[in-house]
Structure formats: C-alpha cells, structure tokens
Amino acid sequence: GIRKKILPLRFGKGTIFLDSIQVAGPVSAPELWKFELAGTGKNMNLSASQYHDQIKNMSCRFNVTNHFVNLNELQGIIYDISWLSPMISRKDLDSFALPVTMEKGSLGSGYRGTFFRTCLKFAKGPELVMDMQGKK
C-alpha cells in the first residue's frame with residue numbers, strides 16, 4: 001500500500017494541513033476503502049533512521065491515493081542520503097557534497113511508474129537539475 005511508496009523515509013515530524021479527504025467504501029470493511037488526501041506539508045524533518053534527520057525543513061503540496069503519491073513544490077535541505085543506498089553505490093553516495101538544497105521538486109509514484117524532478121543547489125559548486133523517470 002501507501003507505506004511502501006514513502007519508504008525508506010519512515011521517521012519524521014512536521015505539520016500537515018489537509019485540504020481535502022475523500023473516502024469511499026463499505027463501513028464494515030476499511031481494507032476495501034478507496035481514499036484520496038490532498039494538502040500541504042510544512043517544516044518537516046524526515047529520516048530513514050530515528051536517530052537523526054536526513055532531510056530538514058521540507059515542504060510540499062501533496063496528493064495521495066490508494067494507487068499513487070504525488071508531491072509538488074517540493075523543497076528542503078538534504079543532509080544525509082544514506083537512505084538511497086539500495087539504489088546507489090556507497091562510492092557514489094560518498095561523492096556527494098552535502099548539505100544540498102532541493103528546490104522546485106516533484107516526486108510521483110503510481111500507475112505510470114515513478115518520477116523525480118528537482119533543482120539541487122550545492123553549497124560549493126553548481127546547480128544540478130534532475131529529471132528522472134523510472135520504468136513501470
């Protein structure tokens with residue numbers, strides 16, 4: 001379900017403002033409910049570890065259903081990217097100069113696969129514009 005889509009970032013704190021909630025399905029069977037949530041997240045600190053924040057001051061607009069997650073206007077400061085280790089080699093992870101500021105980001109996962117777009121601004125160095133599309 002939805003938990004798999006937001007992992008490995010399992011720990012966090014911040015404020016979420018819900019603009020809309022839609023739930024449909026039989027009252028006696030919540031596992032069959034179809035839902036959609038939309039809103040804004042502000043001042044969120046997220047991590048794959050409960051011991052330190054890896055992304056700080058994150059904010060975004062979000063739309064979440066049973067089948068997809070969309071985050072837009074994504075911004076924050078990335079201090080640690082070890083949570084990407086299942087996808088990126090340790091050597092490549094260690095080559096990143098952190099912290100890095102993420103701006104104008106969008107992240108989605110759903111029927112058409114996964115995508116991530118953002119502008120990363122390094123404290124010392126260039127800006128990096130990313131536009132990644134995963135396969136379904």
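**A seven-stranded open sheet and its core**

At 56% relative accessibility, Glu-73 counts as exposed, because anything over 50% goes into that class. This residue sits in strand β4. Its backbone is a bit of an oddity: phi is positive, at about 55 degrees, even though Glu-73 is not a glycine. Lys-104 tells a similar story in strand β5. Here too phi is positive at about 55 degrees in a residue that is not a glycine, and with 71% relative accessibility Lys-104 is exposed as well. All of this comes from a predicted model, so local features are described just where pLDDT reaches at least 70.

Now for the bigger picture. The protein has 136 residues, and buried ones make up 30% of them. Its secondary structure comes to two helices and seven strands, and reading along the sequence gives the pattern α-β-β-β-β-α-β-β-β. The C-alpha trace spans about 55 × 30 × 30 Å along its principal axes. As for the outside, the accessible surface comes to about 9200 Å², and carbon and sulfur atoms account for 56% of that. Contacts across the chain were also counted: among those with a separation of 6 or more, 41% link residues 24 or more positions apart.

How do the strands fit together? Seven of them form an open sheet with antiparallel pairing, in the order β1-β2-β3-β4-β5-β6-β7. At the edges stand β1 (11-24) and β7 (127-133); each has a single partner strand, so one side of each is left without a neighbour in the sheet. From one strand to the next, the twist averages 5 degrees. The pairing can be followed up close at one end of this order, where β6 (residues 113-122) and β7 run antiparallel and are joined by seven bridges. Within that pair, Thr-118 of the model stands opposite Met-130 in β7.

Next comes the inside. Nonpolar side chains tend to be buried together in soluble globular proteins. In this model, the largest nonpolar core holds 20 residues, and the members touching the most others are Met-58, Leu-74 and Ile-78. Two or more residues come from each of β2 (34-47), β3 (55-65), β4 (69-78), β5 (100-110) and β6. The biggest giver is β3, which supplies five residues. Leu-74 is a handy one to look up in the structure: leaving aside residues up to four places away in sequence, its contacts include Met-58, Cys-60, Met-102, Leu-107 and Phe-116. Lys-104, the exposed residue with the positive phi, is also among the residues that Leu-74 touches.

The loops have a couple of details worth a look. Gln-54 is found in the loop between β2 and β3. Is this residue buried or exposed? With a relative accessible area of 2%, Gln-54 is buried, because the cut-off for that class is under 20%. The side chain of Gln-54 also makes a polar contact of 3.3 Å with the side chain of Ser-47. Further along, Pro-99 lies in the loop between α2 (90-94) and β5. The peptide bond leading into Pro-99 from Leu-98 is cis, with omega near 5 degrees.

Key:
Residues numbered from 1 in each chain as written. Predicted model: local features only at pLDDT ≥ 70, side-chain atom pairs only at ≥ 80, totals over all residues. Heavy atoms only, no water. Pairing = 2+ DSSP bridges. Helix = DSSP H or I, 4+ residues; strand = E, 2+ residues; numbered from the N terminus. Axes fitted to C-alpha atoms, helices over the stretch in contact; angles between N-to-C directions. Core = buried A, V, L, I, M, F, W, Y, C linked by side-chain atoms within 4.5 Å. Buried < 20%, exposed > 50% of the residue type's maximum accessible area, 1.4 Å probe, protein only. Contact = heavy atoms within 4.5 Å. Areas by Shrake-Rupley, 256 points an atom, 1.4 Å probe, with all protein chains shown as cover. Polar contact = N/O pair within 3.5 Å; in protein donor to acceptor, adjacent residues only side chain to side chain.
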